[in-house]
Amino acid sequence: ARKGVNKKYTDPQAVEERLVYELNTIKQMGFTDYFLIVADYVNFARNAGIIVGPGRGSAAGSIVAYALGITNIDPIKYNLLFERFLNPERISMPDIDMDFCYERRQEVIDYVKRKYGEDRVTQIITFGTLGARQVVRDVARVMRIPVAESDRVAKMIPFALKMTISRALDENPKLKDEYENNENIREWLDMAMKLEGKPRHSSTHAAGVIISEKPVTEYVPLAMNQKDMSITTQFTMGQLEALGLLKMDFLGLRTLTVIRDAVDMIEQQHGVKLDMDNIDMDDPAVYEMISEGLTDGVFQLESGGMRNLMTQLKPENLGDIMVGISLFRPGPMAKIPDYIAGKNDRHNIKYDHPILQKDLSDTYGCMVYQE
């Protein structure tokens, strides 16, 4: 970490206090090995020419992660707090989400298997559960209800987050009418409600990998994924963490693969070699495109809701985008109109108490970040 700090800061002494504080916390919480293992496989990926994300989530608040090359974001420059990532008062496993090129992610997992032993590294099982529409269709198949009828009733269940059959009966009068007046449909939906939410099938977790000190079989039973014949744990992520096993996140991100291909094409066709770790973050043309909602393929900014927010927000710098992404989640979402009103006219900014001005002036009086 010290070597990294000396390399990345012109005045390492200025960040010495923060570095010592973080190193002491990491050591005290017993996560030294965790940091060294993550730094090792990230370093392998970079040396092998596998594009790695700059880091996201709370890990970006760690100067140790930045010094070790795990992240590429200077937490001092962006005023990010380490306590959001690791906090002795809130004991929880550190969670560093590492993004790798979608096509070459497996190479990084294979490296970890070679380094720590095939029997000490395994992927994690995950269970798909029976959602409202799915369970209605599955039960229909067993009850030999015609496909057309199964499809008709399933389509009466609205598409919404955490939708259940009972909620659908409350929200769709037509479905409720059929349920109350048609005995066959009532029997069918009653059976479906009993099975709703139960595990339907198993698959491999998209990102989680376990690395253990002894062979994994000494801690948990294993299973074989019939689809791709990969080995996974029989316990889910939550259970593994409760057992104290070390979970690493290896995310395959298509966006990184697209960026890699674009950089290669630009070099081939125009002779210009772009360094994606050192690009101009203040190009007005980029913010103009984002403000117009032209964000196809832009990670975290391409959904309909985010496009709509960006066209209203009209970001002028990276900070505006950070706030936009943070606002666009349950809870802070309610503050979006207040934030936009404050950004457009400072007279709209209200503080519930003068003491809040120091912390909330950057976000126009709105509480956006959990810290």
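Contact here means heavy atoms within 4.5 Å. By that criterion, and leaving aside neighbours within four places in sequence, Leu243 is in contact with Val220 and Phe235. The model is predicted. Leu243 is found in the loop between α11 (237-242) and β6. Its relative accessibility is 51%. Leu243 therefore counts as exposed, since the cut-off for that class is over 50%. A further pair gives a sense of distance. Leu243 and Glu288 are 45 residues apart in sequence. In space, C-alpha to C-alpha, Leu243 and Glu288 are 49 Å apart.

The overall fold was examined next. The protein has 17 helices and six strands. Its C-alpha trace spans about 75 × 60 × 55 Å along the principal axes. Of the 371 residues, 40% are buried. Among contacts with a separation of 6 or more, 65% join residues 24 or more positions apart.

The surface was treated in terms of area and charge. The protein exposes about 21,900 Å². Carbon and sulfur atoms supply 53% of that area. The protein carries 45 positive and 54 negative charges. The mean positions of the two sets are 4 Å apart.

The interior holds a largest nonpolar core of 44 residues. Phe35, Val38, Tyr41, Ile96, Met98, Met248 and Phe250 have the most contacts inside this core. Both helices and strands contribute. The elements that give two or more residues to the core are the helices α2 (16-28), α3 (32-47), α4 (63-67) and α5 (105-116), together with the strands β1 (97-101), β3 (199-211) and β6 (246-253). Helix α3 provides the largest share, eight residues. Apart from this core lies another, of 21 residues. Val139, Val153, Tyr179 and Trp188 are among the members of that other core.

Phe35 was examined individually. Residues up to four places away in sequence were not counted. Phe35 touches Ile26, Ser62, Val64, Ala65 and Leu68. Phe35 also touches Ile70, Phe85, Leu86 and Ile96. Ile96, like Phe35, is listed among the residues with the most contacts inside the largest core.

Cysteine pairing was also checked. A disulfide is a covalent bond between the sulfur atoms of two cysteines. The structure holds zero disulfides. Two cysteines were assessed for burial, for which the cut-off is under 20% relative accessible area. Cys101 has a relative accessible area of 0% and is therefore buried. Cys366, at 2%, is buried as well.

Note on methods. Residues are numbered from 1 along each chain as its sequence is written. This is a predicted model: local features need pLDDT of at least 70, side-chain atom pairs count only at pLDDT 80 or more; totals for chains, interfaces and linings use all residues. Side-chain values use heavy atoms; hydrogens and water are left out. Helices (H or I, at least four residues) and strands (E, at least two) are DSSP runs, numbered from the N terminus. Buried means under 20% relative accessible area, exposed over 50%, partly exposed in between (1.4 Å probe, protein chains only). Accessible areas come from the Shrake-Rupley method with a 1.4 Å probe; for residues, only the protein chains shown count as cover. Lys and Arg count as positive and Asp and Glu as negative; His and the chain ends are not counted. The place of a charge is taken as NZ of Lys, CZ of Arg, CG of Asp or CD of Glu. A disulfide is a pair of cysteine sulfur atoms within 2.5 Å. A nonpolar core is a set of buried Ala, Val, Leu, Ile, Met, Phe, Trp, Tyr and Cys residues joined through side-chain atoms within 4.5 Å.
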